[in-house]
Amino acid sequence: DLVAQIINSAQREKITVDEGAAGAGKTRRLAATREQVEARGGRMLVVTPTRKAAQVAAGGVGTETRAVAKLLHEHGHRWDDEGHWSRTEPSPAAPPLDSRTLLVVDEAGMLDQDSARALLALADAGGAQVALIGDRHQLPAVGRGGVLDLAARYAADGCIEYGGVHRFTDPAYADLSLRMRSGARP
């Protein structure tokens with residue numbers, strides 16, 4: 001089901017994947033993207049798998065952020081007794097996910113498949129664009145993961161891969177961080 005959702009979103013050009021190492025410029029690009037989205041009358045909403053990551057993203061991007069679970073809860077999603085999402089009425093305070101919305105999933109490598117399915121269904125129902133941002137070489141999801149792998153494979157035309165590291169001032173440390181990421185000479 002998740003693969004079908006990704007393929008459907010890719011065919012309609014409603015999903016992109018941005019991947020790169022820590023320090024490659026993903027957050028800086030998100031801040032610039034937010035400005036572009038807002039300039040054309042849209043809005044950007046950033047969600048992350050954890051509340052801490054949402055707090056970090058808020059500072060780096062300068063937009064509304066929240067944990068994935070909170071957004072899903074606001075839109076009426078609940079876990080049932082067997083660990084699957086069920087649906088109730090959304091909260092009146094739930095942020096809209098319509099055609100003017102860019103829904104960014106930062107740290108998407110940590111996103112579990114059940115949450116990804118629910119997020120993509122919400123975005124699809126409202127016509128929102130989805131951007132999955134992250135690094136498959138960083139922390140994986142708790143639960144069934146591989147969302148970023150699947151998106152990179154099945155939305156390949158919408159993938160952007162960042163090369164190099166720009167955040168670190170010490171070139172040797174930047175090189176070391178890339179080697180650690182790839183597992184080369186650990």
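Which residue is the bridge partner of D18 in β8? In this predicted model, the partner of D18 turns out to be I160. That pairing belongs to one side of strand β1, so to speak, and the rest of the fold is worth laying out before coming back to it.Taken as a whole, the protein chain holds seven helices and eight strands. Its C-alpha atoms fill a box of roughly 55 × 40 × 30 Å along the principal axes. As for overall packing, a compact globule of 186 residues would have a radius of gyration near 16 Å, and the protein chain, at 16 Å, agrees with that. Of these 186 residues, 44% count as buried. Among contacts with a separation of 6 or more, 70% are between residues 24 or more positions apart.

On the outside, the protein chain exposes about 10000 Å², and carbon and sulfur atoms supply 51% of that area. Charges come to 23 positive and 24 negative, and the mean positions of the two sets are 4 Å apart.

Back to strand β1, which covers residues 15-19. Four of its five residues are buried, so β1 is largely enclosed by the rest of the structure. Two strands pair with β1 here. With strand β7 (residues 129-134), β1 pairs in the parallel sense over five bridges, and V17 stands opposite L132 of β7. With strand β8 (residues 159-161), β1 also runs parallel, this time joined by three bridges; the D18 and I160 pair sits in this second pairing.

The backbone has a couple of spots that catch the eye. Most residues other than glycine have a negative phi. E13, however, has a positive phi of about 55° and is not a glycine. E13 is found in the loop between α1 (2-11) and β1, and with 66% relative accessibility it counts as exposed, because the cut-off for that class is over 50%.

E107 likewise shows a positive phi of about 55° without being a glycine. The place of E107 is the loop that links β6 (101-105) and α5 (113-126). At 27% relative accessibility, E107 counts as partly exposed, since that value falls between the 20% limit for buried and the 50% limit for exposed.

Conventions. Residues are numbered from 1 along each chain as its sequence is written. This is a predicted model: local features need pLDDT of at least 70, side-chain atom pairs count only at pLDDT 80 or more; totals for chains, interfaces and linings use all residues. Side-chain values use heavy atoms; hydrogens and water are left out. The radius of gyration is taken over C-alpha atoms; the globule rule is 2.2 Å times the number of residues to the power 0.38. Buried means under 20% relative accessible area, exposed over 50%, partly exposed in between (1.4 Å probe, protein chains only). Contact means heavy atoms within 4.5 Å. Accessible areas come from the Shrake-Rupley method with a 1.4 Å probe; for residues, only the protein chains shown count as cover. Lys and Arg count as positive and Asp and Glu as negative; His and the chain ends are not counted. The place of a charge is taken as NZ of Lys, CZ of Arg, CG of Asp or CD of Glu. Two strands pair if DSSP finds at least two bridges between them.
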